[in-house]
Amino acid sequence: MNHFNHPASNDRKLIDGLITHELESMYRYACYRLGDRAEARDLIHELYLRLLRSEVGRARNPRCYLYRALSNACTQHLRGSQRREFVGVEALSSILPEELDPSDFEQEQALIERLMATLGEEQREVVRLHLHCGCTFAEVAEILEIPLPTAKSRYRYAIEHLREELHRQGLI
């Protein structure tokens with residue numbers, strides 16, 4: 001006997017359509033959050049299965065619901081693995097100018113993570129959702145359950161900080 005509650009056909013179509021439309025952004029977001037393509041792919045597959053048993057159709061904004069679920073899944077995964085390495089600002093001095101033109105995903109991801117590690121987690125999350133997922137600031141605010149002005153200011157401060165770090169290290 002199957003104990004799972006199967007969503008209505010319309011909910012399944014909504015989830016399939018949403019995942020199909022957002023898959024590239026979701027994958028990019030998860031890759032930058034987790035630092036590993038295989039883990040990102042597995043996490044998205046697990047999330048899809050969880051969403052099939054959820055009530056996405058009742059969400060006011062299914063897209064925001066999707067990214068909140070993805071953000072929470074990444075956070076849970078990182079807490080469980082405890083292998084996340086945070087790099088201090090001083091690590092930027094080891095970045096070579098030629099690394100600014102990465103030729104593959106791993107180099108690009110390493111450079112971005114080194115820079116992003118200089119930000120607080122709240123600012124990193126706003127930047128990831130806005131840049132990697134293409135979320136508007138209103139969507140970011142809804143996903144993170146923060147006021148809209150807070151989402152905007154976290155983004156502005158993060159970009160200013162990253163620009164200062166790049167200048168300070170002579171990378172731009």
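Two residues are taken to be in contact when heavy atoms lie within 4.5 Å, and a residue is called buried when its relative accessible area is under 20%. In the predicted model examined here, these two terms serve to describe helix 6, whose buried residues are Glu139, Val140, Ala141 and Ile143. The buried residues of helix 6 pack against helix 3, helix 5 and helix 7.

Helix 6 belongs to a protein that has seven helices and zero strands, so that, in the order of the sequence, the pattern reads α-α-α-α-α-α-α. Of the 172 residues in the protein, 38% are buried. Among the contacts with a separation of 6 or more, 67% are accounted for by residues that stand 24 or more positions apart. The surface that the protein exposes comes to about 10100 Å², and 52% of this area is supplied by carbon and sulfur atoms.

The packing of helices can be considered pair by pair, since two packed helices are described by the angle between their axes and the distance between the axes. For helix 2, formed by residues 37–52, and helix 3, formed by residues 62–81, the axes come within 10 Å and cross at roughly 125°. An angle of this kind falls outside the ranges for roughly parallel, roughly perpendicular and roughly antiparallel, and helix 2 and helix 3 are therefore oblique to each other. The crossing in which helix 2 passes helix 3 is right-handed. On the side of helix 2, the residues that take part are Glu39, Leu43, Ile44, Leu47, Arg50 and Leu51, and these meet Tyr65, Leu66, Ala69, Leu70, Ala73, Cys74, Gln76 and His77 in helix 3. When the residues of this contact between helix 2 and helix 3 are sorted by class, 10 are nonpolar, two are polar and two are charged.

A second pair is formed by helix 5, which spans residues 121–132, and helix 7, whose axes are 9 Å apart and whose packing angle is about 95°. Because angles from 65 to 115 degrees count as roughly perpendicular, helix 5 is described as roughly perpendicular to helix 7. Helix 5 contributes Glu122, Gln123, Val126, Val127, His130 and Leu131 to the contact, while helix 7 contributes Ala151, Arg154, Tyr155, Tyr157 and Ala158. By class, the contact of helix 5 with helix 7 comprises seven nonpolar, two polar and two charged residues.

Individual residues add further detail to this picture. Tyr65, which is placed in helix 3 and is one of the residues of that helix that meet helix 2, has a relative accessible area of 30% and is therefore partly exposed. If its neighbours within four places in sequence are left aside, Tyr65 is in contact with Leu51, Ser54, Glu55, Val56 and Ala59. Tyr65 and Glu142 are separated by 77 residues in sequence, whereas their C-alpha atoms are 8.8 Å apart in space.

Glu145, which follows helix 6, is located in the loop between helix 6 (137–144) and helix 7 (148–168). Although Glu145 is not a glycine, its phi is positive, at about 55°. The relative accessibility of Glu145 is 64%, and because a value over 50% defines an exposed residue, Glu145 counts as exposed.

How values were computed:
Residues numbered from 1 in each chain as written. Predicted model: local features only at pLDDT ≥ 70, side-chain atom pairs only at ≥ 80, totals over all residues. Heavy atoms only, no water. Axes fitted to C-alpha atoms, helices over the stretch in contact; angles between N-to-C directions. Helix = DSSP H or I, 4+ residues; strand = E, 2+ residues; numbered from the N terminus. Parallel < 35°, antiparallel > 145°, perpendicular 65-115°, else oblique. Left-handed = near helix turned anticlockwise from the far one by under 90°. Nonpolar A, V, L, I, M, F, W, Y, C, P; charged D, E, K, R; others polar. Buried < 20%, exposed > 50% of the residue type's maximum accessible area, 1.4 Å probe, protein only. Areas by Shrake-Rupley, 256 points an atom, 1.4 Å probe, with all protein chains shown as cover.
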